[in-house]
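Q: Please take a close look at one part of this model: any enclosed space, and what lines it. Then follow the chain outward through the charged contacts and any unusual backbone.

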Amino acid sequence: MNIFRLAGDMSHLVAILILLLKIWRSRSCAGISGKSQVLFALVFTTRYLDLFTSFISAYNTVMKVVFLALSYATVYLIYMRFRNSYDSENDTFRVEFLLVPVIGLSFLENYSFTPMEILWTFSIFLESVAIMPQLFMITKTGEAESITNHYLFFLGLYRALYIVNWVWRYHTEGFFDQIAVVSGVVQTIFYCDFFYLYVTRVLRGRGKMSLPVPI
């Protein structure tokens with residue numbers, strides 16, 4: 001494992017922990033898209049089914065279990081523990097517009113037509129768009145708390161670091177995973193505008209990041 005992948009994994013973990021701590025400490029999930037969190041839980045579930053069939057390393061196994069546990073804990077807090085604070089009126093992105101094409105692509109573009117491989121491919125494609133309900137929610141409301149922005153920043157940083165990881169592996173190992181790389185690039189593109197707003201507004205001390213509200 002190279003330093004870029006490790007840094008990417010840590011950024012991913014920090015993002016999830018920031019979100020969980022935000023919910024727990026404020027006793028509220030206001031401003032957080034439950035739909036995005038459900039999609040991420042689905043991503044980890046379909047990707048880590050090999051927990052029961054293969055062992056790569058202790059680190060790999062521990063991280064899989066941690067991401068699964070934290071993703072379901074987040075969903076639980078949003079839809080059960082603090083459901084009264086969940087902003088369902090603004091979390092209105094039509095997730096079927098994501099799921100239908102992702103399912104179709106998973107059957108058309110995969111490395112082998114087996115259930116495990118199709119589910120793994122599904123998880124890769126779904127992860128690239130799972131953040132869209134959250135970004136849509138921020139755009140709809142016109143602003144987001146800085147703690148939510150920190151979550152999105154570290155999530156985007158994780159994807160950016162993984163792109164560097166793939167470049168490094170290609171040059172040092174000759175390894176290239178077309179499905180993962182293309183999906184990762186697509187996901188990182190979604191964060192480009194957010195990164196600019198994060199640096200120019202959040203890091204300059206504003207409590208919230210305001211966005212233009214669509215008419």
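**The cavity and its surroundings**

A: One cavity of 30 Å³ or more is counted here (a set of points on a 1 Å grid over the protein atoms alone, where a 1.4 Å probe fits but cannot get out). The model is predicted: local features need pLDDT of at least 70, side-chain atom pairs count only at pLDDT 80 or more, and totals for chains, interfaces and linings use all residues. Residues are numbered from 1 along each chain as its sequence is written, and side-chain values use heavy atoms, with hydrogens and water left out.

The largest cavity holds about 80 Å³ of space, a volume being what probe spheres on the points fill. Its lining (residues with an atom within 4 Å of a point) includes His 12, Ile 16, Leu 19, Gln 37 and Phe 40. Phe 44, Ser 71, Thr 74, Tyr 151 and Leu 155 also line the largest cavity.

Which helices supply at least two residues of that lining? They are H1, H2 (34-47), H3 (58-81) and H7 (146-173). Helices are DSSP runs (H or I, at least four residues), numbered from the N terminus. The lining has six nonpolar, four polar and no charged residues (charged being Asp, Glu, Lys and Arg).

Now the charges. The structure holds six salt bridges (a side-chain nitrogen of Lys or Arg within 4 Å of a carboxyl oxygen of Asp or Glu).

Take H1, residues 3-26. Asp 9 and Arg 5 pair there, at 4.0 Å from N to O. Both belong to H1 and sit four residues apart, about one turn of the helix. Asp 9 counts as buried because its relative accessibility is 7%. Arg 5 is at 26%, so it counts as partly exposed. The cut-offs are under 20% relative accessible area for buried, over 50% for exposed, and in between for partly exposed (1.4 Å probe, protein chains only).

H2 supplies another pair. Arg 47 meets Glu 127 in a salt bridge of 2.7 Å, N to O. This pair links distant parts of the chain: Arg 47 is in H2, Glu 127 is in H5 (residues 115-129), and 80 residues separate them. Arg 47 has 12% relative accessibility and therefore counts as buried. Glu 127 is buried because its relative accessible area is 3%. The contact also belongs to a wider set: Arg 47, Glu 127 and Arg 159 form a network of salt bridges.

H3 takes part as well. Lys 64 and Asp 50 make a salt bridge at 2.9 Å, N to O. Here too the pair links distant parts of the chain: Lys 64 lies in H3, Asp 50 lies in the loop between H2 and H3, and they are 14 residues apart. With a relative accessible area of 7%, Lys 64 is therefore buried.

Last, the backbone. Arg 27 lies in the loop between H1 and H2. Arg 27 has a positive phi of about 55°, although it is not a glycine. Its relative accessible area is 41%, so Arg 27 is partly exposed.

To return to the cavity: H1, H2 and H3 each give its lining at least two residues, as does H7. Charged residues are absent from that lining. The salt bridges described involve H1, H2 and H5, and H3 with the loop between H2 and H3.

Conventions:
On a 1 Å grid over the protein atoms alone, a cavity is a set of points where a 1.4 Å probe fits but cannot get out, and a pocket is an open set with protein on both sides within 12 Å along at least five of seven lines; lining residues have an atom within 4 Å of a point.
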